[in-house]
Amino acid sequence: MGGILSFDATACRADIYRYVDSHGVMHFTNTPTNSRYSFYLKESPTKRPGPKSLDDIIERYAVANRLEKALVRAVIKAESDYNPRAVSRKGAKGMMQLVPETAREMKVSDPFDPEDNIRGGTRYLRKMLDLFNGNLDLALAAYNAGPGAVRRHGGIPPYAETRQYVQRVKRFLQSYR
């Protein structure tokens, strides 16, 4: 059984908590009444007025960074499956899975905030595309393994994870187009 969580960002600014009951029903609140609730989502006080859809955010930063919207969506799908709270084994956070060093470099203050994360992730993706002269395969490999690894290996590094990542993003890219 599932549900839909919807709220207007201008109406409240509070952390969201949730718990799943014994029937699998998710319960959400901004005022937890018992210990069954656990932290779910941080509301950012820096959000601009008015609700924004994820699609609006993706479009805004894709356009701002001269990226195809389908590419941004494909990277998000491959990185986190659209989970804004995702954290990798290597400490990458948020929808576009920014490691702390990249988040600092891209001036992302809250990697769990979808807008902040997508803003930084698209800037970094644009940087990788520029660094590798628009070569999508090399830019994606650099996004995953770092630009140093791509330079050291003179192309996509021989890491199974990186090779699979490049192919996965390109498959998602085709489906989003």
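# Exercises on a predicted model

Thr122 has its place in helix α4, and the structure in which the exercises follow this residue and others is a predicted model.

**Exercise 1. Determine whether Thr122 is buried or exposed, and list what it touches.**

Step 1. The relative accessible area of Thr122 is 0%, and since a residue counts as buried when this value is under 20%, Thr122 is buried.

Step 2. Once residues up to four places away in sequence are set aside, Thr122 touches Tyr61, Asn65, Leu67, Val72 and Met96.

**Exercise 2. Describe the overall make-up of the protein, from the order of its elements to its exposed surface.**

Step 1. Counting the elements gives 7 helices and 3 strands, and reading along the sequence gives the pattern β-β-β-α-α-α-α-α-α-α.

Step 2. The protein has 177 residues, of which 40% count as buried.

Step 3. Among the contacts with a separation of 6 or more, 40% are made by residues that stand 24 or more positions apart.

Step 4. About 10,000 Å² of the protein is exposed, and carbon and sulfur atoms supply 50% of that area.

**Exercise 3. Work out how strands β1 and β2 are arranged, and find which residues stand opposite each other.**

Step 1. Strand β1 covers residues 16-20 and strand β2 covers residues 26-29; the two run antiparallel and are joined by 4 bridges.

Step 2. Within this pairing, Tyr17 stands opposite Thr29 of β2, while Arg18 has Phe28 of β2 as its bridge partner.

Step 3. The two strands form a hairpin with 5 residues between them, and in the turn Gly24 has a positive phi of about 85°.

**Exercise 4. Identify the helices that supply the largest nonpolar core, and follow one of its members to its contacts.**

Step 1. The largest nonpolar core holds 34 residues, and those that touch the most other members are Leu71, Val75, Ile118, Leu125, Leu140, Tyr143 and Val169.

Step 2. At least two residues of this core come from each of α1 (54-64), α2 (69-80), α4 (114-131), α5 (136-145) and α7 (160-176), and α2 gives the most, with 7 residues.

Step 3. For Val169, leaving aside neighbours within four places in sequence, the contacts are Leu71, Ala74, Val75, Ala78 and Leu140.

**Exercise 5. Find the aromatic pair of the structure, classify it, and describe the surroundings of Tyr124.**

Step 1. A pair of aromatic rings is described by two quantities, the distance of the centres and the angle of the planes.

Step 2. A search of the whole structure finds 1 aromatic pair. The ring centres of Tyr124 and Tyr143 lie 5.6 Å apart with their planes at 55°, so this pair is tilted.

Step 3. Because Tyr124 lies in helix α4 and Tyr143 in helix α5, the pair ties together parts that are 19 residues apart in sequence.

Step 4. Tyr124 has a relative accessibility of 8% and counts as buried; Tyr143, with a relative accessible area of 8%, is buried.

Step 5. Not counting residues up to four places away in sequence, Tyr124 touches Thr102, Glu105, Met106, Ala142, Tyr143 and Pro147. From Tyr124 to Ala103, the distance is 9.1 Å in space, C-alpha to C-alpha, and 21 residues in sequence.

**Exercise 6. State where the charged end of Arg85 sits.**

Step 1. The charged end of Arg85 sits over the ring of Phe112, at 4.2 Å from the centre of that ring.

**Exercise 7. Examine the positive phi values of Tyr82 and Gln97, and decide for each residue whether it is buried or partly exposed.**

Step 1. Most residues other than glycine have a negative phi, and it is against this background that a positive value is noted.

Step 2. Tyr82, which is not a glycine, has a positive phi of about 70°, and Gln97, a residue other than glycine, has a positive phi near 50°.

Step 3. Tyr82 is found in the loop between α2 and α3 (100-105), and Gln97 has its place in the loop between α2 and α3.

Step 4. The relative accessibility of Tyr82 is 22%, so Tyr82 counts as partly exposed, whereas Gln97, at 10%, counts as buried.

How values were computed:
Residues numbered from 1 in each chain as written. Predicted model: local features only at pLDDT ≥ 70, side-chain atom pairs only at ≥ 80, totals over all residues. Heavy atoms only, no water. Core = buried A, V, L, I, M, F, W, Y, C linked by side-chain atoms within 4.5 Å. Buried < 20%, exposed > 50% of the residue type's maximum accessible area, 1.4 Å probe, protein only. Contact = heavy atoms within 4.5 Å. Areas by Shrake-Rupley, 256 points an atom, 1.4 Å probe, with all protein chains shown as cover. Pairing = 2+ DSSP bridges. Phe/Tyr/Trp six-rings, centres within 6.5 Å; stacked < 30°, edge-to-face > 60°. Lys NZ or Arg CZ within 6 Å of the ring centre and 35° of its normal.
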